[in-house]
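Trainee: Hi! Could you walk me through this one? I'd like to start with how the strands pair.
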Amino acid sequence: MFGDRATQRLHPLSLLAQLTTRQANGCLQVTNGEVSWDLYLAGGRLLYASSSADPFERLDRHLRRLSTQVFSLVSAMRVQVRLLFENPVEDLPIPDYQAICWLVDQQHLTTAEASLLIEELAKEVIEALLPVRLGHCQFLEMSQLDGLPHFCQLDLRPIIEHCQDQLRRRQVGDRPMTSNGLNGANRSFLQTVSNDTVSNLTPVLNPYAPIVDEKLLRSPKQQQTEKVVETPLTSGNWNVVPSQDDRRDEQPPPAPPACTTHRIACIDDSPTVLQVIKTYLESLDEQSFAVTLINDPVKALMQIVRNKPDLILLDVTMPGLDGYELCSLLRRHPHCKQTPIIMVTGNTGLVDRARAKLVGASGYLTKPFTQSDIIKTVFKYLSIS
């Protein structure tokens with residue numbers, strides 16, 4: 001059911017308390033005109049929280065932190081996740097959550113690690129939501145998370161208490177916030193919702209009853225009968241506590257798997273361009289690439305056959321033997337028939353692209369390029385296990 005789209009006073013803390021007490025199922029959407037927040041709930045417990053403020057930058061930051069415990073989350077893998085889901089060809093619902101589902105499906109994350117990741121993301125999202133005081137909200141009884149795997153059902157209370165504590169710490173001299181914000185000393189997630197707040201929220205939450213439990217978030221009977229979903233996060237760190245179904249053998253942890261190193265050959269008569277490409281590719285956290293620089297196109301074929309690269313970046317304009325001619329020669333050699341060859345050039349006309357395709361080039365990288373451009377191009381044509 002939709003709420004009033006006009007700008008209104010918002011009380012996120014009270015709103016979340018009502019949704020939890022009523023064991024809401026669906027999606028809470030809040031926006032203040034610049035940023036939007038989506039909180040997906042089942043039985044009043046949190047399945048996932050996201051916001052429109054750089055969702056993949058946020059996801060990548062937390063994956064990078066988690067990579068100290070999960071060795072498969074190397075830089076190359078995180079780049080691949082962004083390439084697949086940040087700007088997907090198809091219009092995917094909740095692409096950042098889809099990325100987590102993919103990581104679990106590909107066995108880069110366990111369900112316990114996914115739950116850990118989702119809780120840390122939720123803390124950041126909700127911490128940004130709590131101080132919002134103007135905007136509009138709506139509650140949808142159907143959510144885009146329906147039909148996707150669920151890795152956890154998180155209790156909102158400890159998450160919000162953590163966020164309140166973080167917000168208080170940011171106040172000058174640890175003073176309580178003003179009446180327009182969170183009162184760090186007095187206001188808590190379990191506090192009774194004021195009549196004014198209830199009247200503001202009633203249109204959003206219908207057909208739910210307009211009053212929350214004024215004493216406890218859940219009654220003792222509910223607490224006894226409710227099946228608690230354990231979250232594997234220990235407060236303040238990223239150590240994973242496996243669930244009963246996902247417990248690893250009590251053996252010494254295996255050595256981290258060796259990072260796959262992809263061999264890249266770069267052929268260009270400009271030493272400057274070659275060095276830029278090498279710097280871009282080798283500046284990731286792990287040594288994901290071994291880059292061979294070749295500045296003489298005449299000698300390139302011999303070096304390519306000897307090194308057997310996984311991918312070739314080939315400049316078009318070179319003296320003596322241009323990129324199109326060299327690409328054609330490479331395609332005739334049995335070792336290079338299936339190797340991706342990317343033409344690197346400032347010529348972007350249809351004739352140039354057609355000529356590149358005619359000689360068997362796999363793709364095109366236009367100069368000038370950024371580090372993001374070259375990494376995305378490389379991973380587009382590399383097969384990553």
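Mentor: Happy to! Keep in mind that this is a predicted model. Let's begin with strand 6 and strand 7 (residues 289-294): six bridges join them, and they pair in the parallel sense.

Trainee: Cool. Which residue of strand 7 stands opposite Ile 264?
Mentor: That's Val 291.

Trainee: And how many bridges does strand 6 have with strand 8?
Mentor: Four bridges, and this pairing is parallel too. To find one of them, look at Cys 266: its bridge partner in strand 8 is Leu 313.

Trainee: How many of the six residues of strand 6 are buried?
Mentor: Five of them, so strand 6 (residues 262-267) is largely enclosed by the rest of the structure. Buried here means under 20% relative accessible area.

Trainee: Got it. Let's switch to the open sheet. What order do its five strands have?
Mentor: The order is 1-5-2-3-4, and the pairing is antiparallel.

Trainee: Which strands stand at the edges there?
Mentor: Strand 1 (8-9) and strand 4 (45-51). Each has a single partner strand, so one side of each is left without a neighbour in the sheet.

Trainee: How many bridges join strand 1 to strand 5?
Mentor: Two bridges, with strand 5 covering residues 134-140 and the two strands running antiparallel. If you want a pair to click on, Gln 8 has Gly 135 in strand 5 as its bridge partner.

Trainee: Nice. New topic: the backbone. What kind of peptide bond runs from Lys 367 to Pro 368?
Mentor: A cis one, with omega near -10°. You'll find Pro 368 in the loop between strand 10 (363-366) and helix 13 (371-381).

Trainee: I also noticed Gln 107. What is its phi?
Mentor: Positive, about 65°, although Gln 107 is not a glycine. Gln 107 is in the loop that links helix 4 (95-105) and helix 5 (111-129).

Trainee: Is Gln 107 buried or exposed?
Mentor: Exposed, because its relative accessibility is 72% and the cut-off for exposed is over 50%.

Trainee: And what about the phi of Lys 308?
Mentor: Lys 308 has a positive phi of about 50°, and it is not a glycine either. Its place is the loop between helix 10 (297-307) and strand 8 (311-315).

Trainee: How accessible is Lys 308?
Mentor: Its relative accessible area is 44%, so Lys 308 counts as partly exposed.

Trainee: Thanks, that helps a lot!
Mentor: Any time!

Notes: Residues numbered from 1 in each chain as written. Predicted model: local features only at pLDDT ≥ 70, side-chain atom pairs only at ≥ 80, totals over all residues. Heavy atoms only, no water. Pairing = 2+ DSSP bridges. Buried < 20%, exposed > 50% of the residue type's maximum accessible area, 1.4 Å probe, protein only.
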